[in-house]
Amino acid sequence: MPAITLTTLQGLKQKGEKITMLTCYDATFAHACNQAGVEVLLVGDSLGMVLQGHDSTLPVTTAEMAYHVAAVKRGNTDALILADLPFMANATLEQTMVNSATLMQAGAHMIKVEGALWLAESIRLLAERGIPVCAHMGLTPQAVNILGGYKVQGRNENQARQMRADAIALEQAGAAMLLLECVPSELAQEITQAVSIPVIGIGAGNATDGQVLVLHDMLGLSITGRVPKFVKNFMNGQTSIQAALTAYVTEVKAATFPGIEHGFSA
Ligand SMILES: Nc1nc(=O)c2c([nH]1)NC[C@@H]1CN(c3ccc(C(=O)N[C@@H](CCC(=O)O)C(=O)O)cc3)CN21
Ligand SMILES: CC(C)C(=O)C(=O)O
Ligand SMILES: [Mg+2]
């Protein structure tokens, strides 16, 4: 077991101490993130974009995810490892079980799935079998072709009401954590207060229980040069990657990141 467990994260929410999460795809960065005190390493399917150079996360497979989870595991001692279930790896309940098992056996401690209320059944089945689940809501990049782009979600009152209700229902289904991507800051605050499980935000304002960013983004690296509004370059003012990672942890813990300018309004 790593030093940080689900119990640790629940305790941080209770205490009102912010939870720090970064994406991580290899052993060296896992070690560097441990040194900086990052509590959760997300092996995100964003690796399809930042490592593989695809223009979406859809091409990523469970086998590729497992390769990176195993690498992160070898460099990690302290953090909780969260792994994305990639596009269509949860096409059926059986595939959800089998592919989640593959990622857990590669070294993940928790699995993240994108969706909404429809995830309830798979979350319940996974939790019953010993797999904690993080439900990724709001902007779900695997659904980019339905959403029509990487756009803020929950901006109208109907969508907001639905997202609040779904968050509560997924907690009741047994979700261990929620992740809100690109939702108005006020809605993210309401959801964070409405559930007792930790809520992590990216482009979701400052009131969530924790924050996550894509590692390459916060180190100022970008293929396209166009970065989302919620990204801050933590290399600014630093002279090493290690110092930038530490600055991220310091700013998230102090709640100075994200600022108003990194969030969205309804
Ligand atoms: N490098 C990287 N960083 C990420 O955060 C990330 C990935 N890749 N790949 C998967 C998804 C895609 N993500 C994205 C990509 C673009 C925007 C974006 O440009 N958003 C607009 C909001 C537009 C609106 O107002 O609706 C922005 O201005 O930030 C948001 C999330 C987040 N994830
Ligand atoms: C952007 C985060 C939340 C993610 O899901 C990923 O890195 O794949
Ligand atoms: Mg992802």
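Which residues does the UniProt annotation "binding site" cover? Here are some friendly notes on that question and on the two ligands; please keep in mind that this is a predicted model.

1. **The annotated residues.** The UniProt entry, which is unreviewed, places its "binding site" annotation on Asp45, Asp84 and Glu114. These residues are spread over 70 residues of sequence, yet they cluster in space, with a largest C-alpha distance of 10.9 Å. Asp45, Asp84 and Glu114 also belong to the lining of the largest pocket.

2. **Where Asp45 sits.** If you are tracing the chain, look for Asp45 in the loop that links strand S2 (40-43) to helix H3 (47-50).

3. **The surroundings of ligand 2.** Two of the annotated residues turn up again here: Asp45 and Asp84 are among the residues surrounding ligand 2. Others in that shell include Thr23, Leu42, Gly44, Ser46, Lys112 and His136, and Leu179, Ile202 and Val214 are part of it as well. Sorted by class, the shell of ligand 2 holds four nonpolar, four polar and three charged residues.

4. **Polar contacts of ligand 2.** Three side chains are worth a look. In Ser46, an N or O atom of the side chain is 2.6 Å from an oxygen atom of ligand 2. For Lys112, the corresponding distance from a side-chain N or O atom to an oxygen atom of ligand 2 is 2.7 Å. Asp45 has a polar side-chain atom 2.8 Å from an oxygen atom of ligand 2. On its own, ligand 2 has 260 Å² of accessible area, and the protein covers 94% of it.

5. **The surroundings of ligand 1.** Around ligand 1 there are 20 residues, of which Met49, Val152, Glu181, Asp217 and Lys229 come nearest. By class, this shell has twelve nonpolar, two polar and six charged residues.

6. **Polar contacts of ligand 1.** Which atoms of Lys229 come into play, backbone or side chain? For Lys229, a backbone N or O atom lies 2.8 Å from an oxygen atom of ligand 1. Two arginines contribute through their side chains: an N or O atom of Arg226 is 3.2 Å from an oxygen atom of ligand 1, and one of Arg155 is 3.5 Å from an oxygen atom of ligand 1. The protein covers 79% of the 670 Å² of accessible area that ligand 1 has on its own.

7. **The pocket.** Where do the ligands sit? Ligand 1 takes up space in the largest pocket, and the space taken by ligand 2 is the largest pocket too. The lining of that pocket takes in Asp45, Asp84 and Glu114, the residues from the UniProt annotation.

Terms used. Residues are numbered from 1 along each chain as its sequence is written. Chains are lettered from A and ligands numbered from 1 in the order in which they are written. This is a predicted model: local features need pLDDT of at least 70, side-chain atom pairs count only at pLDDT 80 or more; totals for chains, interfaces and linings use all residues. Side-chain values use heavy atoms; hydrogens and water are left out. A residue is near a molecule or strand if one of its heavy atoms lies within 4 Å of it. A polar contact is a pair of N or O atoms within 3.5 Å; within protein, one must be able to donate a hydrogen and the other to accept it, and residues adjacent in sequence count only if both atoms are side-chain atoms. Accessible areas come from the Shrake-Rupley method with a 1.4 Å probe; for residues, only the protein chains shown count as cover. On a 1 Å grid over the protein atoms alone, a cavity is a set of points where a 1.4 Å probe fits but cannot get out, and a pocket is an open set with protein on both sides within 12 Å along at least five of seven lines; lining residues have an atom within 4 Å of a point. A molecule sits in a cavity or pocket if more than half of its atoms lie within 2 Å of its grid points. Ala, Val, Leu, Ile, Met, Phe, Trp, Tyr, Cys and Pro count as nonpolar, Asp, Glu, Lys and Arg as charged, and the others, Gly among them, as polar. UniProt positions are given in the numbering used here, feature names are shortened, and annotations may be inferred rather than shown by experiment. Helices (H or I, at least four residues) and strands (E, at least two) are DSSP runs, numbered from the N terminus.
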